[in-house]
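Hi,

Here is the structure I said I would pass on. Have a look at it first, and then read my notes underneath.

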Amino acid sequence: MGIEFNGTEIETNAGGYLVNLEDWSEDLARHMAEADGLELTEAHWDVINYLRDEYLNNNQSQPNTRTIVKAMAEKWEREVDQKELYDLFPGDPSKQAGRISGLPESRRKGGY
């Protein structure tokens, strides 16, 4: 499987997650989001950048939605609920945002 981007085939797994973390770029993220029917706003980028930072700088951590809600509440300095994140990433904030962030598919099971 793959994503056609700028005349190149970017390798993905069956779920659409990048096989090679190095293939990710902001332009590719925009392309992936557009394919999902999303136009990335500053709030989207806050989530994407948070997920990338957690993965790249915190022992490959892949936060669940509950943890993302807490992090965005801190970042945005206001109360945030899951609905707001699902409005941004209707395909599941931790999974869809993680995929658009260029991170590997999370092996985390359900729950917290």
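Below is what I found, going through the helices, then their packing, then a few single residues.

Before anything else, please keep in mind that this is a predicted model.

**Helix α1**

Let's start with α1, which covers residues 26–35. Its buried residues are L28, A29, M32 and A33. If you look down the axis of α1, those buried residues fall within an arc of 135 degrees, so they line one face of the helix. On the face turned away from that buried side you'll find the exposed residues E34 and A35.

What sits over the buried residues of α1? The cover includes two strands, β1 (2–5) and β2 (8–11), along with the helices α2 (42–57) and α5 (93–100). After α1 comes G37, and the phi of G37 is positive, near 80 degrees.

**Helix α5**

Next, have a look at α5. Of its 8 residues, 7 are buried, so α5 is largely enclosed by the rest of the structure. The buried ones are P93, S94, Q96, A97, G98, R99 and I100. Among the elements covering them are α1, α2, α3 and α4.

**How α2 packs against α5 and α3**

Two packed helices are described by the angle between their axes and the distance between the axes, and I've followed that here for two pairs that involve α2.

How do α2 and α5 cross? Their axes come within 9 Å, and the crossing angle is roughly 80 degrees. That makes α2 roughly perpendicular to α5. From α2, the contact uses V47, I48 and L51, and from α5 it uses P93, A97, G98 and I100. Sorted by type, the residues of this contact are 6 nonpolar and 1 polar, with no charged ones.

The other pair is α2 with α3, and α3 spans residues 65–76. Here the packing angle is about 120 degrees and the axes are 11 Å apart. With the perpendicular class ending at 115 degrees, α2 and α3 are therefore oblique to each other. Their crossing is right-handed. On the α2 side you'll see A43, D46, V47, Y50 and L51, and these meet T67, I68, A71, M72, K75 and W76 of α3. This contact of α2 with α3 divides into 8 nonpolar, 1 polar and 2 charged residues.

It's worth putting V47 and L51 on your display while you're there: they appear in the α2 contact with α5, and they turn up again in the α2 contact with α3.

**T65 and what it touches**

T65 belongs to α3. Is it buried or exposed? T65 is buried, at a relative accessible area of 8%. Leaving out residues up to four places away in sequence, T65 touches Q82, L85, Y86, D92, P93 and S94. Of those partners, P93 and S94 are also on the list of buried residues in α5.

**Positive phi away from glycine**

Most residues other than glycine have a negative phi. Which residues here go the other way? I have two for you to check.

One is E77, with a positive phi of about 55 degrees although E77 is not a glycine. You'll find E77 in the loop between α3 and α4 (82–88), and at 72% relative accessibility E77 counts as exposed.

The other is D92, which is not a glycine either and has a positive phi near 100 degrees. D92 is in the loop between α4 and α5. At 17% relative accessibility, D92 counts as buried, and D92 is also one of the residues that T65 touches.

**Two more spots**

S106 is in the segment after α5. S106 is buried, with a relative accessible area of 18%; the cut-off for that is under 20%. How far is S106 from N64? In sequence they are 42 residues apart, while in space their C-alpha atoms are 9.4 Å apart.

Q62 is in the loop between α2 and α3. Its relative accessibility is 25%, so Q62 counts as partly exposed. Q62 and H31 are 31 residues apart along the chain, and their C-alpha atoms are separated by 22 Å.

Cheers

Methods
Residues numbered from 1 in each chain as written. Predicted model: local features only at pLDDT ≥ 70, side-chain atom pairs only at ≥ 80, totals over all residues. Heavy atoms only, no water. Buried < 20%, exposed > 50% of the residue type's maximum accessible area, 1.4 Å probe, protein only. Helix = DSSP H or I, 4+ residues; strand = E, 2+ residues; numbered from the N terminus. Arc of directions from axis to C-beta. Contact = heavy atoms within 4.5 Å. Axes fitted to C-alpha atoms, helices over the stretch in contact; angles between N-to-C directions. Parallel < 35°, antiparallel > 145°, perpendicular 65-115°, else oblique. Nonpolar A, V, L, I, M, F, W, Y, C, P; charged D, E, K, R; others polar. Left-handed = near helix turned anticlockwise from the far one by under 90°.
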